[in-house]
Amino acid sequence: MERTFDDTIIITNFKDNCITGFNHNGKFYDLSIEKNDADTLGSIYVGLLKDSVKNISAAFVEYMPGKKGYLAIKDNQKFIKFNNKNPKLCEGDYVLVQITKDRQKTKDAVVSTEIEIPGRYLVLTYGKPLVAI
């Protein structure tokens, strides 16, 4: 059986660059190449859930080696996990996160599992059940 890709968003890393594109009916559109030189606002990472703090319903996610971000679990109920041991978030899980607030002096960056990918005509969201203009 032949596998077809009607509409596919492709996101990959190659030589410290983030490459994104859109495939529609076998044709590739909107190629974007960005340098992965820093952890900037809006950057998307696969992070490792490191420290879970139950009394404040939060966790710290290591999104780059040596760099952690604060994740408020109660505000991030929808998430994309890469190891499906348990339907809930647990320490040791790999999860897709986006930086929503930069690091400030002694505080870590704030990350979210509600991913937003801006485009020319729309913003593709995951975890937000709405359509807005």
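Two residues are in contact when they have heavy atoms within 4.5 Å of each other. Keep that in mind for this predicted model.

**The chain as a whole**

Take the contacts in the protein chain with a separation of 6 or more. Of these, 34% join residues 24 or more positions apart. The chain has 133 residues, and 25% of them are buried. Its accessible surface comes to about 10,000 Å². Carbon and sulfur atoms hold 54% of that surface.

What about secondary structure? The protein chain contains ten strands and zero helices. Read along the sequence, the pattern is therefore β-β-β-β-β-β-β-β-β-β, where each β is one strand, a DSSP run of at least two residues.

**An open sheet of three strands**

Strands E1, E2 and E3 form an open sheet, in the order E1-E2-E3. The pairing is antiparallel. Which strands lie at the edges? They are E1 (7–14) and E3 (27–35), and each pairs on one side only. On average, neighbouring strands of this sheet are turned by 15° against each other, direction ignored.

**How the strands pair**

The table sets out three pairings, each with one pair of facing residues.

| Strands | Sense | Bridges | Residue pair |
|---|---|---|---|
| E2 (17–24) and E3 | antiparallel | seven bridges | His 24 and Lys 27 |
| E6 (67–72) and E8 | parallel | two bridges | Tyr 70 and Val 110 |
| E7 (94–101) and E8 | antiparallel | three bridges | Ile 99 and Val 111 |

Strand E8 appears twice. It pairs with E6 in the parallel sense. With E7, strand E8 runs antiparallel. Val 110 of E8 stands opposite Tyr 70, while Val 111 of E8 is the bridge partner of Ile 99.

**A closer look at Thr 113**

Where is Thr 113 found? It sits in the loop between strand E8 (109–112) and strand E9 (116–118).

Is Thr 113 buried or exposed? Buried means under 20% relative accessible area. Thr 113 has 0% relative accessibility, so it counts as buried.

Which residues does Thr 113 touch? Leave aside its neighbours within four places in sequence. Thr 113 is then in contact with Leu 71, Asn 76, Lys 78, Phe 79, Val 95, Leu 96, Val 97 and Tyr 126. Lys 78 also takes part in a polar contact: its backbone oxygen is reached by the side chain of Thr 113 at 2.7 Å.

Terms used. Residues numbered from 1 in each chain as written. Predicted model: local features only at pLDDT ≥ 70, side-chain atom pairs only at ≥ 80, totals over all residues. Heavy atoms only, no water. Helix = DSSP H or I, 4+ residues; strand = E, 2+ residues; numbered from the N terminus. Buried < 20%, exposed > 50% of the residue type's maximum accessible area, 1.4 Å probe, protein only. Areas by Shrake-Rupley, 256 points an atom, 1.4 Å probe, with all protein chains shown as cover. Polar contact = N/O pair within 3.5 Å; in protein donor to acceptor, adjacent residues only side chain to side chain. Pairing = 2+ DSSP bridges. Axes fitted to C-alpha atoms, helices over the stretch in contact; angles between N-to-C directions.
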